[in-house]
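Thanks for coming, everyone. Let me put the structure up, and then I'll walk you through it.

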Amino acid sequence: MNIIPFFTLQINNPLLQFKWDLCIFLQRTDFVLCFRKYCSGGSHAGATRGRIEKRVLNKRISKSEIIDIKAIAKPEPALFGKALLGKKILSVGRKAKYLIFKFDDTSKLIIHLRMTGNLIYIDGSSNLIIKSDENGLPRHARVIINFDDGTRLFFCDQRKFGRLWFYGN
């Protein structure tokens, strides 16, 4: 099956930080229209970092709830919640597809979103409409991080591939 590029148009939307490639391919005698969506720089982690960083900087973790223990890679799920308690986020970085949260005591939380993972930040004043489950949590929520100001960060992953690691000092 030989696909020959016939026409390419690139549409940039800086507000959403997405690039859309509109490709029309000439395949035999048929036209195939192909949309390909990817985040700026080709990384879902990069777009998520940009969206989350300004909201969680200098916030202190007051509580963490683990809904799905398979999401926690290190340490044991029982120790994970205790390890995060009281930590203040100093920076949110990215290395390849890993998100790295650095805390005030040099410890780190590392998140890999894998295929369908996402971080959702919710504060009390937002009027966002988010699909939720029967408990009122965002659908597919695996880990919840509560901050001392009442805001929350949800790690959601539909296919359950994403993982979280905590490395202490």
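One term before we start: when I say a helix lies across strands, contact means heavy atoms within 4.5 Å. Angles run from 0 to 180 degrees between N-to-C directions. And keep in mind that this is a predicted model.

With that, look at helix α2, residues 77-84. Helix α2 lies across β4 and β10. It runs at about 165° to β4.

Which residues of α2 are buried? They are F80, G81, A83 and L84. They span an arc of only 165° around the axis, so they sit on the same side of α2. An α-helix has 3.6 residues a turn, so residues three or four places apart point the same way. Turn to the other side of α2, and A78 and K82 are exposed.

What do the buried residues of α2 pack against? The list is β4, β5 (72-74), β7 (98-103), β8 (108-112), β10 and β12 (163-167). After α2 comes G86, with a positive phi near 80°.

Now the sheet. It is an open sheet of four strands, in the order β4-β10-β11-β9, with antiparallel pairing. β4 (61-66) and β9 (117-122) are the edge strands, each pairing on one side only. From one strand to the next, the twist averages 15°. As a reminder, strands of a sheet pair through backbone hydrogen bonds, either parallel or antiparallel.

Let's go across it. β4 pairs with β10, residues 141-147, over five bridges. There, I61 has F147 as its bridge partner in β10. Next, β10 and β11 pair over five bridges. Their hairpin has four residues between the strands, and G150 takes a positive phi near 95°. Then β9 and β11 pair over six bridges.

Stop at C156 in β11. Which residues stand opposite C156? From β9's pairing with β11, we get N118 opposite C156. A141 also stands opposite C156. β11 itself is mostly covered: five of its six residues are buried.

There is another helix on this sheet. Helix α1, residues 44-56, lies across β9, β10 and β11 (152-157). Its angle to β9 is about 20°.

On to the cores. In soluble globular proteins, nonpolar side chains tend to be buried together. Here the largest nonpolar core has 26 residues. Those with the most contacts inside it are V56, F101, I111, L119, L153 and L164. Take L164. Leaving aside neighbours within four places in sequence, L164 is in contact with A71, I72, A73, K74, F80, L109, I110, I111, V143 and F155. You'll recognise F80 as one of the buried residues of α2. Apart from the largest core lies another, of six residues, among them L137, I144, F154 and C156.

Last stop: R114. Where is R114 found? In the loop between β8 and β9. Is R114 buried, exposed or partly exposed? Its relative accessibility is 38%, so R114 counts as partly exposed; the buried class ends at 20% and the exposed class begins over 50%.

R114 and R163 are 49 residues apart in sequence, but 7.9 Å apart in space, C-alpha to C-alpha. Beyond its neighbours within four places in sequence, R114 is in contact with F161, G162, R163 and W165. What does the side chain of R114 reach? The backbone oxygen of F161, at 3.3 Å.

That's the tour. Over to you.

Definitions and conventions: Residues numbered from 1 in each chain as written. Predicted model: local features only at pLDDT ≥ 70, side-chain atom pairs only at ≥ 80, totals over all residues. Heavy atoms only, no water. Pairing = 2+ DSSP bridges. Helix = DSSP H or I, 4+ residues; strand = E, 2+ residues; numbered from the N terminus. Core = buried A, V, L, I, M, F, W, Y, C linked by side-chain atoms within 4.5 Å. Buried < 20%, exposed > 50% of the residue type's maximum accessible area, 1.4 Å probe, protein only. Arc of directions from axis to C-beta. Polar contact = N/O pair within 3.5 Å; in protein donor to acceptor, adjacent residues only side chain to side chain.
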